[in-house]
Amino acid sequence: MNFVVIGAGAVGMLTASLLKEAGCGVLLITRRREQAELINKQGITKDGKVHYIKASAEWDKIPANAYMLITVKYSHLPEIISALKRKSLDNPVVFMQNGMMHLEMLRNLPQKNIAAGIVEHGALKVSETEVRHTGRGIFKFALLRGDEERFLPLLKINGVKAEWHKDSDKMLLRKVLLNSMINPLTALLSVKNGELLSNPHAYELLKNVYTELYTGFPEIEKLLPFEQVTALCAATAENTSSMLADKLAGRQLELDTILLYIIRRSPYTLPILQTFYHLLKAAEKE
Ligand SMILES: NC(=O)C1=CN([C@@H]2O[C@H](COP(=O)(O)OP(=O)(O)OC[C@H]3O[C@@H](n4cnc5c(N)ncnc54)[C@H](OP(=O)(O)O)[C@@H]3O)[C@@H](O)[C@H]2O)C=CC1
Ligand SMILES: CC(C)(CO)C(=O)C(=O)O
């Protein structure tokens, strides 16, 4: 099975390495030519093991029919969307972003088969060619448009745990609810995911946010019981959340697609989350 992973950041390098380990054909598309050259020379190191994966900054090298996994951040998507409007028209495409604000942007894409993907792994980019697998989890997929059958082979990749979900809204909402608790708290407190459990004050805040989310999304009780939130914090205890990683690197945070999305979708005001949103937005570098 052939894959093209767009974006060689934390999730892109992790996913590409896992697919390579499983024996799949993988091409990594980077934004910068220099990163592609480094990857072609040094390979990608994941947890001490080097994987020789082809990389390129050129979309023209993308094989027709390879699965395209889009692993860039929400703020990078406009460029990817505009490329997809002109290129790779027959490839099945999977968008792996956290958040849900981007779904609107995908409406006018010409590709027939589009899915959403969820990454329940923790990944940390160590350098241009190295990634650390900081939390073991699974991949989840659901159809956004087209033929479900096109994506089912994704569930049969050696050693890569994956689930298919029938309801994309439910699948993505569960993840965005999870991210709206863990990501802003870890970014505001500058702590790894595990400290949300071990620090009693952080834990209190986590519980309060969950209670607040329950007012706007009562379905959270079934969709994402609090024990599942704490289980994920425990499973990714050593992970620097993607929002904290962005803050530390001075990059734009995925605040709109995660927090603003939830604030807007809730029928009631969510004062704690609104405060988190404005605190992080105010401190964000332009
Ligand atoms: N890290 C994690 O543990 C998890 C992350 N996620 C989600 O996965 C998504 C990706 O996150 P993450 O991997 O951490 O992000 P990173 O910032 O580490 O990686 C994003 C990558 O996309 C690249 N990129 C940007 N624009 C383009 C382009 N036009 N063409 C090709 N590549 C491009 C960037 O390149 P450049 O360096 O040149 O800017 C960068 O390498 C996010 O939505 C995040 O929320 C989900 C679960 C866990
Ligand atoms: C699941 C979690 C919280 C793992 O850190 C994540 O999705 C992220 O960091 O964005």
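## Composition of the ligand shell

The shell around ligand 1 comprises 11 nonpolar, 11 polar and 6 charged residues. The structure is a predicted model.

## Position of the ligand

Among the 28 residues that surround ligand 1, those that come nearest are Gly7, Gly9, Val11, His76 and Asn98. Two or more shell residues are contributed by each of helix 1 (10-21), helix 3 (77-84) and strand 9 (122-127).

Ligand 1 lies between domain 1 (2-165) and domain 2 (171-283), because both domains give residues to the shell around it.

## Backbone conformation in two loops

Most residues other than glycine have a negative phi. Two residues with a positive phi are described here, Asp47 and Asn65.

Asp47 is not a glycine, yet its phi is positive, at about 50°. This residue belongs to the loop that runs between strand 3 (44-46) and strand 4 (49-51). Asp47 counts as exposed because it has 11 C-beta neighbours inside 10 Å, and the exposed class covers residues with 12 or fewer.

Asn65, likewise a residue other than glycine, has a positive phi near 80°. Its place is in the loop between strand 5 (54-56) and strand 6 (67-70). Asn65 has 12 C-beta neighbours inside 10 Å and therefore counts as exposed.

## Summary

Ligand 1 is situated between domain 1 (2-165) and domain 2 (171-283), with Gly7, Gly9, Val11, His76 and Asn98 nearest to it. Asp47 combines a positive phi with an exposed position. Asn65 also has a positive phi and counts as exposed.

Definitions and conventions: Residues are numbered from 1 along each chain as its sequence is written. Chains are lettered from A and ligands numbered from 1 in the order in which they are written. This is a predicted model: local features need pLDDT of at least 70, side-chain atom pairs count only at pLDDT 80 or more; totals for chains, interfaces and linings use all residues. A residue is near a molecule or strand if its C-beta atom, placed from the backbone, lies within 6 Å of it. Helices (H or I, at least four residues) and strands (E, at least two) are DSSP runs, numbered from the N terminus. Ala, Val, Leu, Ile, Met, Phe, Trp, Tyr, Cys and Pro count as nonpolar, Asp, Glu, Lys and Arg as charged, and the others, Gly among them, as polar. Domain bounds come from an automatic or database domain assignment. A residue is buried if 20 or more other C-beta atoms lie within 10 Å of its own, exposed if 12 or fewer, and partly exposed in between; C-beta atoms are placed from the backbone.
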